[in-house]
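Colleague: I am new to this one, so could you show it to me? I would like to ask how each label is earned.

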2 protein chains.
Amino acid sequence: MKHPVRKTLTERCKRKGLRITAPRRVILQVLETAQDHPDVDELHSRVREIEPGVNIATVYRTMNTLAEHGLIERHSFSDGRARYEAVPESHHDHFINVDTGEVIEFRSDEIERIQEEIARTYGFDIVSHRLDIYVRPRQPDDD
Amino acid sequence: MKHPVRKTLTERCKRKGLRITAPRRVILQVLETAQDHPDVDELHSRVREIEPGVNIATVYRTMNTLAEHGLIERHSFSDGRARYEAVPESHHDHFINVDTGEVIEFRSDEIERIQEEIARTYGFDIVSHRLDIYVRPRQPDDD
DNA sequence: TTTGCAAGTGCAATTCATTTGCATCTGCGC
DNA sequence: GCGCAGATGCAAATGAATTGCACTTGCAAA
Ligand SMILES: [Mn+2]
Ligand SMILES: [Mn+2]
Ligand SMILES: [Zn+2]
Ligand SMILES: [Zn+2]
């Protein structure tokens, strides 16, 4: 079986000794079901639809805790605020549509491999990396 | 001739219609001679060694102006503040030593090419990109 | 060379994302 | 059920970056 069903974020939190409080339960659920890369304000508003009392400071603190435990990824695209996603099944990088802000995921094994190769020639081990490609829909070339 | 000596930053500013004021002259000189990727505070302190009256708001404003005119690149590595460098002769990406914060430049034509290729398959034109690879000196593997 | 004025600057105040101090609350191991 | 370390709410603080405003200055035109 290629994909034994992945442990839920909540389960993975418990395993790390993090308490599952009411705010966290909701935050984790929101992260798990998000199909995009929400910022803290967006997370907060999604959380409040389910659990209105949750404070935005709690969302900030939870993002830090989850990131420290390696359960979510923090991105900083060119728009000031940090954006988050649950650590994906398998690594990917991002296109950002500069006209709309839309984020599109992609993966290139070839790029990943060459990064390793280059790092090795420099005597480095890779800890992490980020490749953000800012794009716009292809224009027919009017020459 | 491969490398006609490149126009100085100051010349390129003039050509864009930007005024060469005393603060700018110094800021441009500092950028031109920097061998690293200084943040605004660092730029400001280098500038003040030459021209003590320059205000940090002027450094911020000048970074914005120069970036808008495509004369410098703004980076945001994992340490909160923006870092700058004069637009390089030819594009490169960066390793960041996570232990020391040191930034090392590299270039991979292969990675650049594959990015273009992938973008094309998604129907995008690339506007810009950034590849930051966080690394540490290679550890002999103790298994 | 002088002049006019838009662009640039210094300074202080402001903005905005994020963090933090503190009193209170609560998950969860015993 | 108890105890308490960890988590939360709230308000205040932080820190990078921006901005309003009065004053200065580069530089094109005269
Ligand atoms: Mn993603
Ligand atoms: Mn560089
Ligand atoms: Zn990648
Ligand atoms: Zn590149």
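Colleague: What makes B:His94 count as buried or exposed?

Modeller: Buried means under 20% relative accessible area, exposed over 50%, and partly exposed in between, with a 1.4 Å probe and protein chains only. B:His94 has 2% relative accessibility, so it counts as buried. B:Glu85, at a relative accessible area of 9%, is buried too. Please keep in mind that this is a predicted model, where local features need pLDDT of at least 70 and side-chain atom pairs pLDDT 80 or more, while totals for chains, interfaces and linings use all residues. Residues are numbered from 1 along each chain as its sequence is written, chains are lettered from A and ligands numbered from 1 in the order in which they are written, and side-chain values use heavy atoms, without hydrogens and water.

Colleague: Which residues are the protein donors of the manganese ion (ligand 2)?

Modeller: They are B:His37, B:Glu85, B:His92, B:His94 and B:Glu105, with B:Glu85 listed for two OE donors, at 2.2 to 2.5 Å from the ion. Donors are N, O and S atoms within 2.8 Å of the metal (3.2 Å for Na, K and Ca); water is not among the atoms, so sites may look incomplete.

Colleague: Why is the site of the manganese ion (ligand 2) called irregular?

Modeller: Six donors count as octahedral if opposite donors are over 155 degrees apart and all others between 65 and 115; four count as square planar by the same angles, or as tetrahedral if all angles lie between 85 and 135 degrees, and anything else is irregular. Here the 6 donor atoms make angles of 55 to 164°, and 55 falls outside those ranges, so the site is irregular.

Colleague: What coordinates the zinc ion (ligand 4)?

Modeller: B:His91, B:Asp93 (two OD donors), B:Glu112 and B:His129 do, at 2.0 to 2.6 Å. Of these, B:Asp93 counts as buried at 2% relative accessibility, and B:Glu112 does at 14%.

Colleague: How do you know that A:Thr21 makes a polar contact with DNA strand D?

Modeller: A polar contact is a pair of N or O atoms within 3.5 Å; within protein, one must be able to donate a hydrogen and the other to accept it, and residues adjacent in sequence count only if both atoms are side-chain atoms. An N or O atom in the side chain of A:Thr21 is 2.6 Å from a phosphate oxygen of the strand, so the pair qualifies. B:Arg61 has a polar side-chain atom 3.2 Å from a base oxygen of DNA strand D.
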